[in-house]
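Please read the following note alongside the sequence and the structure. The points are numbered so that each can be checked in turn.

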Amino acid sequence: MNKLIFIPAIAAVLFSASMALIYYSPNEAEASLDTFAACLAQKNITMYGADWCPHCQNEKKAFGDSFRLVPYVECPENTKLCIDLKIAGYPTWIFPDGKRLQGEQGLVALSRESECPLPQSN
């Protein structure tokens, strides 16, 4: 008797979970920040960071796959460059005019400071 209740219950849970994933997953057009990341690259705005830095990881995660387009320097692998630029903390965003944003910024602040528009969500 327990098996007769257990199997449909498991099926209902699995169905509900799969529907939730489909419903709450953003579509590719909404999820892509390629245009925003490309705008940062076009404006020569570079992020300096380290893989072990949790704030850097958060910045990268916010971009998702689009981070591949963001100019990025891994400071532990480019120590001299980061010392010469006086990078004092991670992440540090440097603009071509010398302006710096230190610490985790988030997409909205980067958009505001860079004047690169974020995609509109529906």
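1. Cys116 has a relative accessibility of 1%, so this residue counts as buried, given that buried means under 20% relative accessible area. The model is a predicted one, and the values in this note should be read accordingly. The bonding partner of Cys116 is Cys39, and the two sulfur atoms are 2.1 Å apart. Cys39 is also to be classed as buried, because its relative accessibility is 13%.

2. Which parts of the chain does the disulfide of Cys39 and Cys116 tie together? Cys39 belongs to helix α3 (residues 34–42), whereas Cys116 lies in the segment after α6 (107–114), so the bond links parts that are 77 residues apart in sequence. The torsion about this S-S bond is about -80°, and the disulfide is therefore left-handed.

3. The structure contains 2 disulfides. In the other bond, Cys75 is joined to Cys82, with a distance of 2.1 Å from S to S. This link is left-handed, with -80° about the S-S bond. Cys75 has a relative accessibility of 2% and so counts as buried; Cys82 is buried as well, because its relative accessible area is 5%. When the bonded cysteines of the protein are numbered in sequence order, the pairing reads 1-4, 2-3.

4. Two further cysteines deserve mention. Cys53 counts as buried because its relative accessibility is 4%. For Cys56 the relative accessible area is 0%, so Cys56 is buried.

5. Helix α3, which holds Cys39, has a buried side and an exposed side. Phe36, Ala37, Cys39 and Leu40 are buried in this helix. Viewed down the axis of α3, these buried residues fall within an arc of 155°, and they therefore line one face of the helix. Thr35 and Gln42, on the other side of α3, are exposed. What do the buried residues of α3 pack against? Their packing partners are α4, β3 and α6. Just after the helix, Asn44 adopts a positive phi of about 55°.

6. Ser66 should be considered together with α3. This serine is located in the loop between α4 (54–63) and β2 (72–74). Its relative accessibility is 3%, so Ser66 counts as buried. If neighbours within four places in sequence are set aside, Ser66 is in contact with Ser32, Leu33, Asp34 and Ala37. Among these, Ala37 is one of the buried residues of α3.

7. Strand β1 (residues 46–49) has two sides: Thr46 and Tyr48 point one way, Met47 and Gly49 point the other way, and all are buried. In which sense, parallel or antiparallel, does β1 pair with β3? The pairing with strand β3 (residues 92–94) is antiparallel and runs over 3 bridges. Within it, Tyr48 has Thr92 as its bridge partner in β3.

8. The pairing of β1 with β2 is in the parallel sense, over 3 bridges. Here Met47 stands opposite Tyr72 of β2. Taken with the helix α4, the strands β1 and β2 make a right-handed β-α-β unit. The loop that holds Ser66 lies between α4 and β2, and the helix α4 is one of the elements against which the buried residues of α3 pack.

Notes:
Residues are numbered from 1 along each chain as its sequence is written. This is a predicted model: local features need pLDDT of at least 70, side-chain atom pairs count only at pLDDT 80 or more; totals for chains, interfaces and linings use all residues. Side-chain values use heavy atoms; hydrogens and water are left out. A disulfide is a pair of cysteine sulfur atoms within 2.5 Å. Helices (H or I, at least four residues) and strands (E, at least two) are DSSP runs, numbered from the N terminus. Buried means under 20% relative accessible area, exposed over 50%, partly exposed in between (1.4 Å probe, protein chains only). Contact means heavy atoms within 4.5 Å. Two strands pair if DSSP finds at least two bridges between them. A crossover is right-handed if, with the strands pointing away from the viewer, the path from the first strand over the helix to the second runs clockwise. The arc is that of the directions from the helix axis to the C-beta atoms.
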